Amino acid sequence: RIAGLSMSEKTRSVIYVEGAVQGVGYRNFVEEWAEKLGLKGYCQNLADGRVLVEVEGEKSVIELLIHQLWQGPQRARVTQVQITWRPYSDGFFGFTIRYS
């Protein structure tokens, strides 16, 4: 173990997913994977056609989710995934879909 670094570092990630990601079951897909991976946070559709995913947990586990975000459900066509890493805040209870 390297001093000051833990192998299971918790973090927060703000992710914007672009492409054909609304009206194709994308949010349910994200919720299913986040719960399967034990991540906390939410996802929601944005007015500009993107899906916002904000999630907290182990960085390596969030990276597994990001891999799935690129796949999406069968009818989705993901063209871009933008990721911003933020400090962990333990601000979520479970994973939810937010409806605007």
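Helices, labelled H, and strands, labelled S, are DSSP runs of at least four and at least two residues respectively, numbered from the N terminus. Leucine 69, for instance, is placed in helix H2. The structure treated in these exercises is a predicted model.

**Exercise 1. Determine whether leucine 69 is buried or exposed, and which residues it touches.**

Solution. Step 1: the cut-off for a buried residue is a relative accessible area under 20%. Step 2: leucine 69 has a relative accessibility of 0%, and therefore counts as buried. Step 3: setting aside residues up to four places away in sequence, leucine 69 touches Ile15, Val17, Tyr26, Val30, Val53 and Val78.

**Exercise 2. Compare the span of helix H2 with the expected value, and find where its buried residues lie.**

Solution. Step 1: helix H2 covers residues 59-71, which is 13 residues. Step 2: the expected span is 1.5 Å times one less than the number of residues. Step 3: this rule gives 18 Å for H2, and the end C-alpha atoms are 19 Å apart, so the two values agree. Step 4: the buried residues of H2 are Val61, Ile62, Leu65, Ile66, Gln68 and Leu69. Step 5: viewed down the axis of H2, these buried residues fall within an arc of 160°, and therefore line one face of the helix. Step 6: the elements that cover them include strand S1 (10-20), helix H1 (26-37), strand S3 (51-58) and S4. Step 7: just after H2, glycine 72 takes a positive phi of about 70°.

**Exercise 3. Carry out the corresponding analysis for helix H1.**

Solution. Step 1: H1 has 12 residues, and the distance from its first C-alpha to its last is 17 Å, close to the expected 16 Å. Step 2: Tyr26, Phe29, Val30 and Ala34 are buried in H1. Step 3: these residues cover an arc of only 125° around the axis, so they are on the same side of H1. Step 4: the buried residues of H1 pack against S1, strand S2 (40-45), S3, H2, S4 and S5. Step 5: glycine 38, just after H1, has a positive phi of about 75°.

**Exercise 4. Classify the aromatic pair formed by tyrosine 26 and phenylalanine 29.**

Solution. Step 1: a pair of aromatic rings is described by the distance of the centres and the angle of the planes. Step 2: the structure holds two aromatic pairs. Step 3: in the pair of tyrosine 26 and phenylalanine 29, the centres are 6.1 Å apart and the planes form an angle of 40°. Step 4: planes under 30 degrees apart count as stacked, over 60 as edge-to-face, and the rest as tilted. Step 5: the pair is therefore tilted. Step 6: both residues lie in helix H1, three residues apart, which is about one turn of the helix. Step 7: tyrosine 26 and phenylalanine 29 are both buried.

**Exercise 5. State which rings lie beneath the charged ends of lysine 36 and arginine 98.**

Solution. Step 1: the charged end of lysine 36 sits over the ring of tryptophan 33, at 4.2 Å from its centre. Step 2: the charged end of arginine 98 sits over the ring of tyrosine 42, at 3.5 Å from its centre.

**Exercise 6. Describe the surroundings of threonine 11 and serine 13 in strand S1.**

Solution. Step 1: threonine 11 lies in strand S1, as does serine 13. Step 2: threonine 11 counts as buried because its relative accessibility is 10%. Step 3: serine 13, at 0%, also counts as buried. Step 4: the side chain of threonine 11 reaches the backbone oxygen of arginine 86 at 3.0 Å. Step 5: beyond four places in sequence, serine 13 is in contact with Val53, Glu54, Val55, Ile62, Ile83, Thr84 and Trp85.

**Exercise 7. Locate glutamine 82 and establish how far its C-alpha is from that of glutamate 18.**

Solution. Step 1: glutamine 82 lies in strand S4, residues 77-86. Step 2: glutamine 82 has a relative accessible area of 34% and is therefore partly exposed. Step 3: glutamine 82 and glutamate 18 are 64 residues apart along the chain, with their C-alpha atoms separated by 8.4 Å. Step 4: leaving aside neighbours within four places in sequence, the contacts of glutamine 82 are Val14, Ile15, Tyr16, Glu18 and Arg50.

Terms used: Residues are numbered from 1 along each chain as its sequence is written. This is a predicted model: local features need pLDDT of at least 70, side-chain atom pairs count only at pLDDT 80 or more; totals for chains, interfaces and linings use all residues. Side-chain values use heavy atoms; hydrogens and water are left out. Buried means under 20% relative accessible area, exposed over 50%, partly exposed in between (1.4 Å probe, protein chains only). Contact means heavy atoms within 4.5 Å. The arc is that of the directions from the helix axis to the C-beta atoms. Rings of Phe, Tyr and Trp (its six-membered ring) pair if their centres lie within 6.5 Å; planes under 30 degrees apart count as stacked, over 60 as edge-to-face and the rest as tilted. A charge sits over a ring if NZ of Lys or CZ of Arg is within 6 Å of the ring centre and within 35 degrees of the ring normal. A polar contact is a pair of N or O atoms within 3.5 Å; within protein, one must be able to donate a hydrogen and the other to accept it, and residues adjacent in sequence count only if both atoms are side-chain atoms.
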